Amino acid sequence: MQSAPDHIAALSSLTDVKGLIRDDDKASYLTEWRKRWLGESPLLLAPGTTQEVARIVSYCHQHDIGITPQGGNTGLVGGQMPHGEILISLKRLRQIREVSPLNNAMTVEAGVTLAEAQGVAKEADRLFPLSIGAEGTCQIGGVISTNAGGVNVIRYGNTRDLVLGLEAVMPNGEIWHGLKALRKDNTGYDLKHLLIGAEGTLGIVTAATLKLFPQPREMATAFAALPTAQAAVDLMALMQDRTGGLATSFELMSQQLINLVSTQFANLKSPLNSRAPWYALMEFSAGTPGGLRGIIEDGLSAAFERGLLLDATIAENETQAEQLWQLRHNAAPAMASDPASAVKCDISVPIHHIPTFLQRADEVVKAHTEHGRIIAFGHMGDGNIHYDVLGPEGADQSTFEAGRPALQRAIHDVVASLDGSISAEHGIGVLKRDELKMRKSPTEMAMMQAIKQALDPKGIMNPGKLL
Ligand SMILES: Cc1cc2nc3c(=O)[nH]c(=O)nc-3n(C[C@H](O)[C@H](O)[C@H](O)COP(=O)(O)OP(=O)(O)OC[C@H]3O[C@@H](n4cnc5c(N)ncnc54)[C@H](O)[C@@H]3O)c2cc1C
């Protein structure tokens, strides 16, 4: 039987010197960005090739050593933090293997950041449409493993809809060469979907073939003040009807969120004079230039006449559009900068149930906490609301803190009553692991356990996460 130091020496010899993360660099890998989770690990490796990843995983499989894969460390549910496992960072797998504009596909390795992947597509006059606030840091392997959503889902789908093929190192160390670039392949179970959204529990993604789209030739970004959440739902339906489904984003933000962002970032303000309970940030894109702005103006006028909006503006240029997006992109950093304790719910319900969800959840919050601050925002076009409750401003957080689990559960009960999901896009990780068992049926849990057991019978891949 080998001792732990023997294993560390043997594993270290399976990568080159650049693949050994030095002691003075370890903290950034072992600290979640909000410092909500601190990890611990006997060894942090950053292998440089898929073959090196395979050799390391094979050794771990042989010796029952747990592994936590890590991408950009931007995950929000703690899945990327090791708790005694070795950490494998994919940051050195950075090759762009192929870009095929004719097949509208590109193959990139797992450590390429999302922003870099978008840039590679743009250079080929194509669009890789996945876009999230963390895109400068999160990596392709991470977005695939969390099935990231983001701001363009209404038009292009989640990450799951954007992956054609995968290469992955399976828990026994074998490499699965699944980098197909096909849009049709009905040859039995579609195995890539097991790894997408698996949060590193079924294998390590090392490369992916991703779908590309034509670059839009005209974009229009609008910001509107709305009287009610129901008006937001109706406005989205109206604008989609008027444009024939040209919306790429439809983000909902409450006045409380705008206030919080403006307090934390003094240069970010609503461009409208009117104050309203809700705001919508909408983006539309068209393949041919010329007519989009006019269609959006007509749609917003019709919405105004129907009482669906109080005021609205359309960005005149890219700089103005970017300023509008900064309000939305800084929601998570603004929340993180507030010192109060928080309940954070990343939920989805069918779009037409959003007003009911917001009303019932607000009632639940009022029943649980006297001065909790409700901050609701999110990708409304996908039925996805980030419903957060911050503890009372400046006051002692202990009472709020003690009631946090009960409050979260009560909000999730509202979600369940509307047939929704308690994790729309951030995943389960360690944060929602206990609740998953309560919310999934025994049949669903048994199916997920059976898949885990079949692919990773020794349970070495990201133990303690998801299941
Ligand atoms: C400001 C901000 C905004 C965000 N906005 C959104 C949003 O709009 N939509 C959204 O969906 N998410 C969002 N997120 C969450 C986060 O960015 C995503 O979950 C992202 O996909 C994680 O990618 P990552 O490379 O940082 O992965 P990590 O955080 O490193 O890892 C996440 C999970 O994937 C696993 N993993 C990572 N790489 C691999 C791999 N190569 N193979 C197997 N498993 C792997 C890890 O073990 C972990 O379980 C946001 C986060 C921040 C900080």
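Me: How far does a backbone N or O atom of Pro-69 lie from an oxygen atom of the ligand?
Reply: This is a predicted model. Pro-69 is among the closest residues to the ligand. A polar contact needs N or O atoms within 3.5 Å. A backbone N or O atom of Pro-69 and an oxygen atom of the ligand lie apart by 2.6 Å.

Me: Where does a backbone N or O atom of Gln-139 lie, in Å from an oxygen atom of the ligand?
Reply: Other backbones also reach ligand oxygen. For Gly-79, a backbone N or O atom lies 3.3 Å from an oxygen atom of the ligand. For Gln-139, the distance from a backbone N or O atom to an oxygen atom of the ligand is 2.8 Å.

Me: How much of the ligand's area does the protein bury?
Reply: Start with the ligand taken alone. It then exposes 970 Å². Of that area, the protein buries 95%.

Me: Which element gives the most to the shell around the ligand?
Reply: Three elements give two or more residues to this shell: strand 2 (67-70), helix 5 (140-145) and strand 9 (204-211). One gives the most, with four residues. That element is helix 5.

Me: How many charged residues does the shell around the ligand have?
Reply: In total, 35 residues surround the ligand. By class, 12 are nonpolar and 21 are polar. The charged residues in the shell number two.

Me: What kind of aromatic pair do Phe-223 and Tyr-279 form?
Reply: The whole structure holds three aromatic pairs. In this one, the ring centres are 5.4 Å apart, with 15 degrees between the planes. Planes under 30 degrees apart count as stacked. So the pair of Phe-223 and Tyr-279, at 15 degrees, is stacked.

Me: How many residues apart in sequence are the parts that Phe-223 and Tyr-279 tie together?
Reply: Phe-223 belongs to strand 11 (residues 218-226). Tyr-279 belongs to strand 13 (residues 278-286). The pair therefore ties together parts whose separation in sequence, in residues, is 56.

Me: Is Tyr-279 buried or exposed?
Reply: Its partner Phe-223 has a relative accessible area of 0%, and is buried. Tyr-279 has a relative accessible area of 2%. The cut-off for burial is under 20%. Tyr-279 is therefore buried.

Me: What kind of aromatic pair do Phe-357 and Tyr-387 form?
Reply: Both Phe-357 and Tyr-387 are buried. Their rings lie 5.4 Å centre to centre, with 75 degrees between the planes. Planes over 60 degrees apart have their own class. The pair of Phe-357 and Tyr-387 is edge-to-face.

Notes
Residues are numbered from 1 along each chain as its sequence is written. This is a predicted model: local features need pLDDT of at least 70, side-chain atom pairs count only at pLDDT 80 or more; totals for chains, interfaces and linings use all residues. Side-chain values use heavy atoms; hydrogens and water are left out. A residue is near a molecule or strand if one of its heavy atoms lies within 4 Å of it. A polar contact is a pair of N or O atoms within 3.5 Å; within protein, one must be able to donate a hydrogen and the other to accept it, and residues adjacent in sequence count only if both atoms are side-chain atoms. Accessible areas come from the Shrake-Rupley method with a 1.4 Å probe; for residues, only the protein chains shown count as cover. Ala, Val, Leu, Ile, Met, Phe, Trp, Tyr, Cys and Pro count as nonpolar, Asp, Glu, Lys and Arg as charged, and the others, Gly among them, as polar. Rings of Phe, Tyr and Trp (its six-membered ring) pair if their centres lie within 6.5 Å; planes under 30 degrees apart count as stacked, over 60 as edge-to-face and the rest as tilted. Buried means under 20% relative accessible area, exposed over 50%, partly exposed in between (1.4 Å probe, protein chains only).
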